[in-house]
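Q: Please take a close look at one part of this structure and show how that part relates to the rest. I am new to this structure, so start from the terms I need.

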Amino acid sequence: NVLPVAAGGSSPNVAVYTSSGQSNGAYFTTFAPDGTSKGKLSVPDAARVNISSSLQWYSIVTADTPPKLEYAPLTNFAPGPLTEIKIEPGYDITSTTFNWDGAYLLYVLTKLGAPQYIVGVLELQTGKQVEYAGTFSPTSSATSFTGAGSPLYLDAQSGRLDMNTFVPYAG
């Protein structure tokens, strides 16, 4: 994949994501307009990579034990450090997405056993984070809906968070 990436000046950078589809990993790299590379970030093949629609942020979810969710600006991703979001023990990272404006990273964590989920909202520029916890139900009842909530869109002006429902671990 080749994507334009906004730069501090008037000329855009280019971000390149390559993966062989084999077990030897993948990587990101960026190139400035003059052709110089800004570095290379290796990514495990099993990782899930998201890029914001603003093309200024990216996140990586790795299936480590425990799982890791990290994010960084695209214009400074390599060799700059990723910022890790703390994941509660026992939870899996089920979904991550960037808000439409690229200002927020939205995610959902789920846990089997005692069926619980956490919806998280991270403001990328400041690192401020808020999480909401709930219990999901595999069946619906008069007082609950089936599944867990997964964030789709945040309207920061009104504070409205639109969510979709899904049944975790349903295959």
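A: A strand here is a DSSP run of type E with at least two residues, and strands are numbered from the N terminus. Read along the sequence of this predicted model, the pattern is β-β-β-β-β-β-β-β-β-β-β-β-β-β. The protein has 14 strands and 0 helices. It has 171 residues, of which 37% count as buried. About 9400 Å² of the protein is exposed, and 52% of that area is supplied by carbon and sulfur atoms. Among contacts between residues at least 6 apart in sequence, 31% join residues at least 24 apart.

The part to look at closely is an open sheet. Four strands form this sheet in the order S5-S6-S7-S8, with antiparallel pairing. Strand S5 (48-51) and strand S8 (83-85) are its edge strands, because each of them pairs on one side only, where pairing takes at least two DSSP bridges. On average, neighbouring strands of the sheet are turned by 25° against each other, direction ignored. Within the sheet, S6 and S7 are joined by 6 bridges in the antiparallel sense. At one place in this pairing, Trp-57 stands opposite Pro-73 in S7.

Two residues of the sheet can be followed one at a time. Arg-48 belongs to edge strand S5. Is Arg-48 buried or partly exposed? Its relative accessibility is 39%, so Arg-48 counts as partly exposed; the range for that class runs from 20% to 50%. The C-alpha atoms of Arg-48 and Val-61 lie 5.1 Å apart, although the two residues are 13 places apart in sequence. Leaving aside neighbours within four places in sequence, Arg-48 is in contact with Ser-59, Ile-60 and Val-61, and also with Ile-93, Thr-94 and Ser-95. One link to Ile-93 can be stated in detail: the side chain of Arg-48 reaches the backbone oxygen of Ile-93 at 3.1 Å.

Thr-62 lies in strand S6. Thr-62 has a relative accessible area of 8% and is therefore buried, since the limit for that class is under 20%. With neighbours within four places in sequence set aside, the contacts of Thr-62 are Pro-44, Ala-47, Pro-67 and Lys-68.

The sheet also has a share in the nonpolar interior. The largest nonpolar core has 15 residues. Those with the most contacts inside it are Leu-69, Tyr-71, Ile-85, Leu-105, Leu-109 and Leu-124. At least two residues of this core come from each of S6 (57-62), S7 (68-73), S9 (92-98), S10 (104-111) and S11. The largest share, 3 residues, is from S10. Ile-85 shows how residues from separate stretches of the sequence meet: not counting residues up to four places away, Ile-85 touches Leu-69, Tyr-71, Leu-105, Tyr-107, Leu-122 and Gln-129. Another core, of 8 residues, lies apart from the largest one, and it includes Phe-28, Ala-47, Tyr-58 and Ala-72.

Beyond the sheet, S11 leads on to a hairpin. Strand S11 (residues 116-123) and strand S12 (residues 129-135) pair in the antiparallel sense over 7 bridges. In this pairing, Gln-116 stands opposite Thr-135 in S12. The hairpin has 5 residues between its strands, and Gly-127 there takes a positive phi near 80°.

Two later strands complete the tour. Ser-150 is found in strand S13 (residues 148-155). Ser-150 is buried, because its relative accessible area is 10%. Apart from neighbours within four places in sequence, Ser-150 is in contact with Ser-95, Val-108, Asp-162, Met-163, Asn-164 and Phe-166. Ser-95 thus appears in the contact lists of both Arg-48 and Ser-150.

Leu-161 has its place in strand S14 (residues 160-166). With a relative accessible area of 25%, Leu-161 is partly exposed. Leu-161 and Ser-150 are 11 residues apart in sequence, and their C-alpha atoms are 9.9 Å apart in space. Not counting residues up to four places away in sequence, Leu-161 touches Val-119, Val-121, Pro-151, Tyr-153 and Leu-154.

Technical notes:
Residues are numbered from 1 along each chain as its sequence is written. This is a predicted model: local features need pLDDT of at least 70, side-chain atom pairs count only at pLDDT 80 or more; totals for chains, interfaces and linings use all residues. Side-chain values use heavy atoms; hydrogens and water are left out. Buried means under 20% relative accessible area, exposed over 50%, partly exposed in between (1.4 Å probe, protein chains only). Contact means heavy atoms within 4.5 Å. Accessible areas come from the Shrake-Rupley method with a 1.4 Å probe; for residues, only the protein chains shown count as cover. A nonpolar core is a set of buried Ala, Val, Leu, Ile, Met, Phe, Trp, Tyr and Cys residues joined through side-chain atoms within 4.5 Å. Axes are lines fitted to C-alpha atoms, for helices over the stretch in contact, and angles run from 0 to 180 degrees between N-to-C directions. A polar contact is a pair of N or O atoms within 3.5 Å; within protein, one must be able to donate a hydrogen and the other to accept it, and residues adjacent in sequence count only if both atoms are side-chain atoms.
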